[in-house]
Amino acid sequence: MPAISIEDLLQNNPARLWRARAEGAAPSASRGLSTGYAALDRCLPGQGWPRQGLIEILSDWHGIGELRLLMPALARLCSSAGVAHGARAKPAVAQGGWLAWVSPPYTPYAPALAAWGIDVARVLVVHGSGATEWAMGQALRSGACSAVLGWVNPRDPQALRRLQLAAEQSRSLAVLFRPLQAGCAPSPAVLRIALSGAAQTGLRVRIVKSRGGRPATVNLGH
Amino acid sequence: MAPLAQRRVAPALRSSPAVPGPTVVVRSRSRELWLAVHLPSLLLDALRDQTSALSGRVHLAVVDLERDGKVVRACDAAAQTAGVRAGMSVNSALALAPGLQTLARDVGRERQLLEAVACQGLRFTPRVSIEPPDGVLLEVRGSLRLFGGARQLCRRVQQEVAETAGATVRFAVTPTPLASSWFARLNVDERAVLVRGREELPGRLAPLPLACTRWPERTLRTLATMGVRTVGECLRLPRDGFARRFGADLLAMLDCATGRIAEPRTAFAVHEKFALRRDLEPEVVDTGRLQVVLQLMVDDLCRFLRERSRGIQTLEIQLHHREAPTTRVRLRFVQPVGAQPRRIVELLRERLARFGLAEPVRNIRLVSGPLLDLPADAPELFAHDRRESGVHVPQLVERLRARFGNAAVHGLACVAEHRPEAAWRAVEPLGSPLPLAKIACDAGDGHRPLWLLDVPELCEAGDLEFEEGPECIESGWWDGHDVARDYYVARNRHGARLWVFRNRRSADAPGWFLHGWFA
């Protein structure tokens, strides 16, 4: 196989080459789903949560704001009004679908979800022991869910890869919650975010990996 | 003429006015037409397997053993010529026909036979009703044109019924179910009695002997002593006097028969199930081959469902072994499932994948639950919208439940309650919403955490920084789980916001409890 210089490649095969900068320059190509936090939107390629592929949220503590971070986006996807909007144009992420919680650490509290504007009647809670990656994959592949949240820590890189593939192919927002330590290992996820909190500063969001974007740190406050 | 006045003037039973009383406007084309199928030899037909074995003996009688008297209920033609009649005691019958073979009556089999006839009736009309003990009624007004008129229809029904029940079937077609039954019971001919208009009914019913009504023996005797032997004579009696002497029920029956008042009939519905058994010639050891066999059986099941356009919600697979007890696998669907082989097979595969067979399987039985109506399918107009609004959710729920169990997968609902732990409930996904849910969600009492602990945990309040509170929640004295708590929103050193409470009453556990996270 003859060697090809980088210049050749850049000039002759622009379509087959992925360029981080180009993606940032043309955000309209894959516009994300706004997080609801302007400071965070600015740091993400596509100005929001990626609509396809796995999002990893790394955190060691419950309750520091890991759900608050997602709530504005989830409310837009899973509100009772979302059904009417969904029919108008075919969105990249299914709206008005279900919201699946796969093996959450506690019970998602229905009155609080309703207060955020989420249609509680379309929430599905799965408490599975073992095979939770499988359950998350099923929820993603079913095409019934607007968003799938999973508290799963796949030890096997293959399982993680399968989840990422399922997330890539589905039209759901796929979020995986893992402990901070998992951030040391490589992951095929599109976006990896580490959360930390402190009593004074509030929630600090550190973008560890972002396809098409750059690592950054955002302080969201209380 | 004023019938009421006349009734007062002439109190004698025989005098007019007739029972139909004030003339009602009867339309010549009434809306219903009932075909009565009467099976005169039902008692004998129900025991056909026994009677065919005794074909050499000609004198047969069915005996009611439940009663003390041992009464002959029915007998064959040979016994009848010997003088045996229904209602006779067995001893009298034996005296008349010494070679009489008696058979015990089987009410269950009779009912089965009637239901089989009713099932066949469903091929001609959806409105079928059973008239125990020996009749079936079909409402055929709408079917006449399709089957080429009443006579033609009767011929078709006769052919069908002759296959299941006996050869003797009697028909009558009239506008009221009761009149049809009466005519059919007395009909000795193969041809159906036909009365098309309701206004003809009183006249046509008049010559019928009262025995066709099957009223109690005593009533019939009393009427006979009064010289009333036919329906017509009965109709001529004064209404109020008749009701007083014989009860309002019998008067109502006369009214039903003549079509003065409507007679609601309970519709016959088929209670079908699917059951299939397949023997495995070489016994099956692995689940892989089992699936291949099951796939074929599911195809049969789906054909069965498609023909009936019905669905099932439960399905049981029984694996029979040589020694070990039968293995039963039960599948439960969230919604009735019609002829969707892929959906059923997928769920089966999920269940069988983690299934260790105790012993080789000798045969498989597939038994469905009751057949249910399928949920109406929306037309394809909003197909795109439909895909998003949860058509795939039932399949997802079934698949997850097949693996984790029923309780592991649930939906959520708000409940109008002040106690935090009672303000939500795990519900069936896709179930009907709780009635008070809307109010509860709108009430929005205070700031609520996104995570709720199932059981409040004792926690250290030392390093907590209190932000809001107290919110006092005191409720639930009526069900024994009453609480009296002061709730606070606090922040710990990791920046997490907690929902903590302290019991207000000294009798309850002291200290601070963590009840939720404002995640």
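The exercises below walk through the contact between two chains and through several sheets of a predicted model.

In this predicted model, local features need pLDDT of at least 70 and side-chain atom pairs count only at pLDDT 80 or more, while totals for chains, interfaces and linings use all residues. Residues are numbered from 1 along each chain as its sequence is written, chains are lettered from A and ligands numbered from 1 in the order in which they are written, and side-chain values use heavy atoms, with hydrogens and water left out.

**Exercise 1. Describe the interface between chain B and chain A.**

Step 1. Begin with contact, meaning heavy atoms within 4.5 Å: 46 residues of chain B are in contact with 58 residues of chain A.

Step 2. Turn to the buried area, which is the accessible area (1.4 Å probe) that two parts lose on being put together, summed over both. Chain B and chain A bury about 4300 Å² between them, and 67% of this area lies on carbon and sulfur atoms.

Step 3. Count the polar contacts, each a pair of N or O atoms within 3.5 Å; within protein, one must be able to donate a hydrogen and the other to accept it, and residues adjacent in sequence count only if both atoms are side-chain atoms. Between chain B and chain A, eleven residue pairs are in polar contact, both residues being at pLDDT 80 or more.

Step 4. Ask which elements take part, where helices (H or I, at least four residues) and strands (E, at least two) are DSSP runs numbered from the N terminus. On the side of chain B that touches chain A, α17 (383-388), α18 (393-404), β14 (409-414) and β16 (451-459) of chain B each supply at least two residues, and α18(B) gives the most, with seven residues.

**Exercise 2. Find where strands of the two chains pair.**

Step 1. Two strands pair if DSSP finds at least two bridges between them. Strand β4 (residues 123-126) of chain A is joined to β14(B) by three bridges, and the two strands run antiparallel.

Step 2. Within this pairing, A:Val126 stands opposite B:Val409 in β14(B).

**Exercise 3. Trace the five-stranded sheet of chain B and a salt bridge that starts from its edge.**

Step 1. The open sheet has the order β5-β6-β1-β7-β8 (chain B), with mixed pairing, and its edge strands are β5 (128-131) and β8 (193-194) of chain B, each of which pairs on one side only.

Step 2. β5(B) pairs with strand β6 (residues 135-139) of chain B in the antiparallel sense over four bridges, and B:Ser129 has B:Leu137 in β6(B) as its bridge partner.

Step 3. A salt bridge is a side-chain nitrogen of Lys or Arg within 4 Å of a carboxyl oxygen of Asp or Glu. The side chains of B:Glu131 and B:Arg185 meet in one (3.5 Å, N to O), and this pair links distant parts of the chain, 54 residues apart, with B:Glu131 in strand β5 of chain B and B:Arg185 in helix α9 of chain B.

**Exercise 4. Explain which strands of the three-stranded sheet of chain B lack a neighbour on one side.**

Step 1. This open sheet has the order β3-β2-β4 (chain B), with mixed pairing.

Step 2. Because β3 (71-75) and β4 (101-104) of chain B stand at the edges with a single partner strand each, one side of each is left without a neighbour in the sheet.

Step 3. Strand β2 (residues 60-64) of chain B pairs with β3(B) in the antiparallel sense over four bridges, and B:Val63 has B:Val72 in β3(B) as its bridge partner.
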